[in-house]
Amino acid sequence: MKRKALFQHNGGQLLKHMLKVEGNACFTINSRRDIVIASCNFHKTKIVGEGAHGTIYKVTVDVGGRATAVAVKRCKVIDESKKEEFVQELVIVYHLSHPNIVKLVGCCLESEASMLMYEFA
Ligand SMILES: Nc1ncnc2c1ncn2[C@@H]1O[C@H](COP(=O)(O)OP(=O)(O)OP(=O)(O)O)[C@@H](O)[C@H]1O
């Protein structure tokens, strides 16, 4: 089974294992459904920026049991061959910790357009 399929198939267990997020209350793997609801189906009033890699929305989602305002980057669709590279980069960014770098607080890899959630700056 392909890695992407595994992420979808087992509720993100493989990704959780890779990120070692179990017990990390500061990171969440959201369902696409949650983000669609929170963003009013990616309504244009929620857009806060447009980047080279996708559109950024300000959305309030559950992070570690707390309603938190986050910047959701809805990445442009990447082809299957780049998916693995994307996940590897996600793992690296997840482990970064620096006062000048916004913290990655969540992600959603359920759809073709993956979503990354950063603390809202
Ligand atoms: N964490 C955040 N909090 C608030 N606004 C943000 C955040 N991240 C991005 N934005 C808004 O979205 C815009 C575009 O974001 P960004 O430059 O990160 O996109 P990008 O080009 O896809 O990123 P990159 O190439 O660095 O991965 C920013 O200029 C900013 O206005």
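## Questions and answers on one protein chain

User: Does K73 count as buried or exposed?

Analyst: A residue is buried if 20 or more other C-beta atoms lie within 10 Å of its own, exposed if 12 or fewer, and partly exposed in between, with the C-beta atoms placed from the backbone. K73 has 21 C-beta neighbours inside 10 Å, and therefore it counts as buried.

User: From which number are residues counted along each chain?

Analyst: This is a predicted model, in which local features need pLDDT of at least 70 and side-chain atom pairs count only at pLDDT 80 or more, whereas totals for chains, interfaces and linings use all residues. Along each chain, as its sequence is written, the residues are numbered from 1.

User: In which strand does K73 lie?

Analyst: UniProt, in an unreviewed entry, places the feature "binding site" at K73; such positions are given in the numbering used here, with feature names shortened, and the annotations may be inferred rather than shown by experiment. Helices (H or I, at least four residues) and strands (E, at least two) are DSSP runs numbered from the N terminus. By that count, K73 lies in strand 4.

User: With which residues is K73 in contact, leaving aside its neighbours within four places in sequence?

Analyst: Two residues are in contact if their C-beta atoms, placed from the backbone, lie within 7 Å. M115 has K73 among its own contacts, together with I35, V72, R74, C75, C107 and C108. Beyond four places in sequence, the contacts of K73 are G51, H53, G54, I56, M115, L116 and Y118.

User: Which strand gives the largest share of the largest nonpolar core?

Analyst: A nonpolar core is a set of buried Ala, Val, Leu, Ile, Met, Phe, Trp, Tyr and Cys residues joined through C-beta atoms within 7 Å. The largest one has 17 residues, and those with the most contacts inside it are I35, V59, V72, M115 and M117. Two or more residues come from each of helix 3 (32–38), strand 3, strand 4 (66–75), strand 5 (104–108) and strand 6 (115–119). With 4 residues, the largest share belongs to strand 5.

User: Which strand gives the most residues to the shell around the ligand?

Analyst: The ligand is surrounded by V48, G49, G51, A52, H53, G54, I56, A71, V102, Y118, F120 and A121, where a residue is near the molecule if its C-beta atom, placed from the backbone, lies within 6 Å of it. Strand 2 (47–51) and strand 3 (54–63) are the elements that give two or more residues to this shell. The element that gives the most, with 3 residues, is strand 2.

User: How many residues of strand 2 are buried?

Analyst: Strand 2 and strand 3 pair in the antiparallel sense over 4 bridges, and strands are said to pair if DSSP finds at least two bridges between them. They form a hairpin with 2 residues between them, and G51 stands opposite G54 in strand 3. Strand 2 lies largely in the open, because of its 5 residues the number buried is 0.

User: What is the approximate phi of C40?

Analyst: Most residues other than glycine have a negative phi. C40 is found in the loop between helix 3 and strand 2, and it is exposed, with 12 other C-beta atoms within 10 Å. Although C40 is not a glycine, its phi is positive, at about 50°.
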